[in-house]
Amino acid sequence: MKTLLQSPPVRECAATACSFNDNGCHAPAITVAASAAAASCATFVESSLSGGIAEVTGAVGACARAECVFNTNLACTAESITVGPGATVSDCLTYQPA
């Protein structure tokens with residue numbers, strides 16, 4: 001059984017307007033959403049407030065893109081992911097349709 005510490009980390013996040021992004025993602029666990037053509041980060045919060053935990057590197061907690069090659073039982077199996085502009089300002093750029 002895996003723990004959150006073994007979940008794929010958010011290696012890089014270019015969503016600079018996100019309150020969880022301060023030289024890296026600091027949300028304990030992000031969710032990748034399945035909305036239309038986007039594999040967007042549903043944890044994205046555009047705010048001037050700092051969010052997350054400074055000592056934590058974000059990880060993928062859940063992924064709703066069931067058709068992604070890295071998705072098994074709505075969990076990400078990629079080694080790590082990158083978040084950045086795509087169809088939205090915060091897409092999982094590691095997403096690959098099966």
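The following conversation goes through several features of a predicted model.

Me: Let us start with the sheet. What is the order of the strands in the open sheet?
Reply: The open sheet has three strands in the order 1-6-7, and their pairing is mixed.

Me: Which strands stand at the edges?
Reply: Strand 1 and strand 7 (91–92) stand at the edges. Each has a single partner strand, so one side of each is left without a neighbour in the sheet.

Me: And how many bridges join strand 1 and strand 6?
Reply: Strand 1 and strand 6 are paired over three bridges, in the parallel sense. As an example at residue level, Cys13 has Val83 of strand 6 as its bridge partner.

Me: Val83 makes me think of the core. Which residues touch the most other members of the largest nonpolar core?
Reply: That core has 18 residues, and those touching the most other members are Val10, Ile30, Val32, Val60, Ile81 and Val83.

Me: Which strands supply at least two residues of this core?
Reply: Strand 1 (10–13), strand 2, strand 3 and strand 6 (81–84) each do so.

Me: Take Ile30, then. What does Ile30 touch, not counting residues up to four places away in sequence?
Reply: Ile30 touches Val10, Cys25, Cys41, Thr43, Ala59, Val60, Gly61, Ala62, Ile81 and Val83.

Me: Thr43 is on that list. Where is the place of Thr43?
Reply: Thr43 sits in the loop between strand 2 (30–32) and strand 3 (60–63).

Me: Is Thr43 buried or exposed?
Reply: Thr43 counts as buried, because its relative accessibility is 17% and the cut-off for buried is under 20%.

Me: What does its side chain reach, I mean that of Thr43?
Reply: The side chain of Thr43 reaches the backbone nitrogen of Thr31, at 2.9 Å. Beyond its neighbours within four places in sequence, Thr43 is in contact with Phe20, Ala27, Ala29, Ile30 and Thr31.

Me: Now Thr94. Where is Thr94 found?
Reply: Thr94 is in the segment after strand 7. With a relative accessible area of 15%, Thr94 is buried.

Me: Which backbone nitrogen does the side chain of Thr94 reach?
Reply: The side chain of Thr94 reaches the backbone nitrogen of Thr82, at 2.9 Å. Leaving aside neighbours within four places in sequence, the contacts of Thr94 are Phe70, Ala78, Ser80, Ile81 and Thr82.

Me: Changing topic: how many disulfides does a search of the whole structure find?
Reply: The search finds zero disulfides. Cys18, for instance, is in no disulfide, and the nearest cysteine sulfur, that of Cys13, is 5.9 Å away.

Me: And why is there no bond for the sulfur of Cys41?
Reply: The closest cysteine sulfur, in Cys18, is 6.2 Å from the sulfur of Cys41, which is too far for a bond.

Me: Are Cys18 and Cys41 buried or exposed?
Reply: Cys18 counts as buried at 9% relative accessibility. Cys41 also counts as buried, at 11%.

Me: What about charged pairs? How many salt bridges does the count come to?
Reply: The count comes to one salt bridge. In this salt bridge the side chains of Arg65 and Glu67 meet, with 2.6 Å from N to O.

Me: Is Arg65 buried or exposed, and what about Glu67?
Reply: Arg65 is buried, with a relative accessible area of 8%, whereas Glu67 counts as partly exposed at 32%.

Me: Back to the loops. Where is the place of Asn73?
Reply: Asn73 is in the loop between strand 4 (71–72) and strand 5 (75–76). Leu74 lies in the loop between strand 4 and strand 5 as well.

Me: What is the phi of Asn73, and what is that of Leu74?
Reply: Asn73 has a positive phi of about 55°, although it is not a glycine. Leu74 is likewise a residue other than glycine, and its phi is positive, near 65°.

Me: How does accessibility look for Asn73 and Leu74?
Reply: Asn73 is exposed, with a relative accessible area of 73%. Leu74 counts as partly exposed, at 47% relative accessibility.

Me: Last one: where is Pro28?
Reply: Pro28 is in the loop between strand 1 and strand 2, and it counts as partly exposed at 36% relative accessibility. The C-alpha atoms of Pro28 and Ala59 are separated by 6.3 Å, although the two are 31 residues apart along the chain.

Terms used
Residues are numbered from 1 along each chain as its sequence is written. This is a predicted model: local features need pLDDT of at least 70, side-chain atom pairs count only at pLDDT 80 or more; totals for chains, interfaces and linings use all residues. Side-chain values use heavy atoms; hydrogens and water are left out. Helices (H or I, at least four residues) and strands (E, at least two) are DSSP runs, numbered from the N terminus. Buried means under 20% relative accessible area, exposed over 50%, partly exposed in between (1.4 Å probe, protein chains only). A polar contact is a pair of N or O atoms within 3.5 Å; within protein, one must be able to donate a hydrogen and the other to accept it, and residues adjacent in sequence count only if both atoms are side-chain atoms. Contact means heavy atoms within 4.5 Å. A nonpolar core is a set of buried Ala, Val, Leu, Ile, Met, Phe, Trp, Tyr and Cys residues joined through side-chain atoms within 4.5 Å. A disulfide is a pair of cysteine sulfur atoms within 2.5 Å. Two strands pair if DSSP finds at least two bridges between them. A salt bridge is a side-chain nitrogen of Lys or Arg within 4 Å of a carboxyl oxygen of Asp or Glu.
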